[in-house]
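Here are a few short exercises to work through with the model open. Try each one yourself before you read the solution.

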Amino acid sequence: MRRLLLAVPLLIPLCAQAQTTAANPVEPFSYGVRVGTAKNPLIAALSSVVPSAQAGSTQAAMPVEMFSYGRRVGTQSNPIYVNLGNALDGYLPLTGGNTTGPLNGYQFISLKGSSASGATTTLSTDGSSAISEDTCLVVPLKGVTEFDINAAGVSSNGTDAVMNRFSGTAAYRSDGVLQLNNSTASNNYPGFGSPGTWSIALSSDSSSGCLVVKATAGGTGSWSWRANIHYENLVP
């Protein structure tokens, strides 16, 4: 019996730790200042997040469980949540992948493609080379979009590579014409290895409102292409 009593105190801290420590904590700040103190911050646990589409009729969509001073607000069986609705759908891809939705006004899209040596390909989100509203960066009608594009290609021979950078704005006019303010490369980087005659060009497609990135390289081997675009819709 004495041995059993001595063992009980060792079990209590383990239980308390499991019940009061937040998993995947996110610490909030207000006006750049931590809410709480360094030793006793106010944090939110994202461990209980449920996708909005999976939330039941009585279940909070995208709940975030609150912790204060390292302890759960409420009880383990009846915690208190902050319901963020669809907010986490746009900014925290819990299963991995790219973030979606604007962050401080800016958004991100990635294009890809492949080609044989000497051939030209159009980069798209799905790598199909098809240009449509679903596979490109679309400038809204009567809108203006600011963009920064970093594009690169690498040959399967392991020695040849090329890259270019574009920065500018695009305006989709009310008459249906997509006009680029800057369609030339802002940085003309030299190729690596022996890529032969190559180009990464930016153009527009007025019928779809798409910015179009096309790539060509010589040299040898097959080429893999990627263009990452950071952009902001200034108007509307």
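**Exercise 1.** Find which residues valine 177 is in contact with, leaving aside its neighbours within four places in sequence.

*Solution.* Start with the contacts: valine 177 touches Ala171, Tyr172 and Ser206, where contact means heavy atoms within 4.5 Å. Next, place the residue: valine 177 sits in the loop between strand S12 (161-172) and strand S13 (178-180). Strands here are DSSP runs of E, at least two residues, and helices are runs of H or I, at least four residues, numbered from the N terminus. Then check the cover: valine 177 is partly exposed at 31% relative accessibility, a class that lies between buried (under 20% relative accessible area) and exposed (over 50%), using a 1.4 Å probe and protein chains only. Finally, look along the chain: the C-alpha atoms of valine 177 and glycine 209 are 8.1 Å apart, with their positions 32 residues apart in sequence.

A word on ground rules: this is a predicted model, in which local features need pLDDT of at least 70, side-chain atom pairs need pLDDT 80 or more, and totals for chains, interfaces and linings use all residues. Residues are numbered from 1 along each chain as its sequence is written, and side-chain values use heavy atoms, without hydrogens and water.

**Exercise 2.** Work out how the rings of tryptophan 223 and tryptophan 225 are arranged.

*Solution.* Rings of Phe, Tyr and Trp (its six-membered ring) pair if their centres lie within 6.5 Å; planes under 30 degrees apart are stacked, over 60 edge-to-face, the rest tilted. That rule gives one aromatic pair. The centres of tryptophan 223 and tryptophan 225 are 5.5 Å apart and their planes meet at 20°, so the pair is stacked. Tryptophan 223 is buried at 1% relative accessible area, and tryptophan 225 is buried at 4%.
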